[in-house]
Amino acid sequence: MRLPSFMRGTAKEDRALTWLPWWDKVDSGPNQTTFSGATVNTSTAMTFSAVYASVTLIADAIASLPAEAMVKDAQVDLPQWIRSPNRELRRFDFWNQMMIAVLLWGNGYAQFLTRPSDGVPIGLTLLDPTQVHVESNPNAPGERRYSDN
């Protein structure tokens, strides 16, 4: 039995679409152009079933974990803002959206909602990762400043 030429390795494969690691292109904007001229961004990437399925599978799996999965010690009483981070979204929907941001943009951001009387965190609100800019403070290592436009 003779194998077809594409299985024998005699035909050289040549593709126009070249993959570059995402971190090589982060600073050049949200729309990336491949060597073939195709524009790639989160919207176009999510039209591919493999990307959509991968992102939703991972985000759904992590969002469906119980809140207690975030801590090693089961005896720790979790704060309310972890168990129910947002009044308008179910816990699953909040963490699902956060994970989608992490998977597509590399990071997800949320702002603490605090009680005005004493500043105690009572919840989180999601921020659009495309609108958040992170700046490091060279005078205070570890301190980050976030601004959204």
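**Entry 1: the core**

A nonpolar core, as I use the term here, is a set of buried Ala, Val, Leu, Ile, Met, Phe, Trp, Tyr and Cys residues joined through side-chain atoms within 4.5 Å. I note up front that I am working on a predicted model. I looked up the largest such core and found five residues: Ala-63, Phe-94, Trp-95, Met-98 and Leu-124. Helix α5 gives the most to this core, with three residues. I jotted down the general background too: in soluble globular proteins, nonpolar side chains tend to be buried together.

I then pulled the contacts of Phe-94, skipping residues up to four places away in sequence as the listing does. I got Pro-85, Asn-86, Leu-89, Ala-110, Leu-124, Thr-125 and Leu-126.

**Entry 2: the overall layout**

I stepped back to see what surrounds that core. The protein has five helices and six strands. Reading from the N terminus, I get the order α-β-β-α-α-α-α-β-β-β-β. Buried residues come to 17% of the 149 residues in the protein. Of the contacts with a separation of 6 or more, 32% are between residues 24 or more positions apart.

**Entry 3: helix α5**

Next I checked whether the length of α5 adds up. The helix has 15 residues, so at 1.5 Å a residue it should span 21 Å, and its end C-alpha atoms are indeed 21 Å apart.

Which residues of α5 are buried? I find Phe-94, Trp-95, Asn-96, Met-98, Met-99 and Ala-101. They pack against α3 (49-63), α4, β3 and β4. A general reminder to myself: an α-helix has 3.6 residues a turn, so residues three or four places apart point the same way.

Just past the end of α5 I noticed Gly-106, which takes a positive phi of about 95°.

**Entry 4: two buried asparagines**

Asn-96 caught my eye as a polar residue in helix α5. Is Asn-96 buried or exposed? Its relative accessible area is 11%, and the cut-off for buried is under 20%, so Asn-96 counts as buried. I looked for a polar partner and found the side chain of Asp-60, in polar contact with the side chain of Asn-96 at 2.4 Å. Beyond its neighbours within four places in sequence, Asn-96 is in contact with Ala-59, Asp-60 and Ala-63.

Asn-86 was my second stop. I find this residue in the loop between α4 (80-83) and α5 (91-105). With a relative accessible area of 10%, Asn-86 is buried as well. What does its side chain have for polar company? A polar atom of the Asn-86 side chain lies 3.4 Å from the backbone nitrogen of Leu-89. The backbone oxygen of Leu-124 lies 2.9 Å from a polar atom of that side chain. Setting aside neighbours within four places in sequence, I list Phe-94, Leu-124 and Thr-125 as contacts of Asn-86.

**Entry 5: the β3-β4 hairpin**

I followed Leu-124 into the strands. Strand β3 (residues 109-114) and strand β4 (residues 121-127) run antiparallel and are joined by six bridges. I picked out one pairing: Thr-114 has Pro-121 in β4 as its bridge partner. Six residues sit between the two strands of this hairpin, and Gly-119 there takes a positive phi near 75°.

**Entry 6: salt bridges**

How many salt bridges does the structure hold? I count two.

- Asp-93 and Arg-90 meet through their side chains at 3.1 Å, N to O. Asp-93 is partly exposed at 23% relative accessible area, whereas Arg-90 is exposed at 56%.
- Asp-118 and Arg-115 also meet through their side chains, at 3.1 Å, N to O. Asp-118 is partly exposed at 47%, and Arg-115 is partly exposed at 37%.

**Entry 7: Leu-78**

My last lookup was Leu-78, in the loop between α3 and α4. This leucine is buried, with a relative accessible area of 5%. Ala-67 is eleven residues away along the chain, and the C-alpha atoms of Leu-78 and Ala-67 are 7.9 Å apart. Leaving out neighbours within four places in sequence, I have Leu-78 in contact with Ala-67, Glu-68, Val-71 and Arg-83.

Note on methods. Residues numbered from 1 in each chain as written. Predicted model: local features only at pLDDT ≥ 70, side-chain atom pairs only at ≥ 80, totals over all residues. Heavy atoms only, no water. Pairing = 2+ DSSP bridges. Helix = DSSP H or I, 4+ residues; strand = E, 2+ residues; numbered from the N terminus. Buried < 20%, exposed > 50% of the residue type's maximum accessible area, 1.4 Å probe, protein only. Polar contact = N/O pair within 3.5 Å; in protein donor to acceptor, adjacent residues only side chain to side chain. Contact = heavy atoms within 4.5 Å. Expected span 1.5 Å × (residues − 1). Salt bridge = Lys/Arg side-chain N within 4 Å of Asp/Glu carboxyl O.
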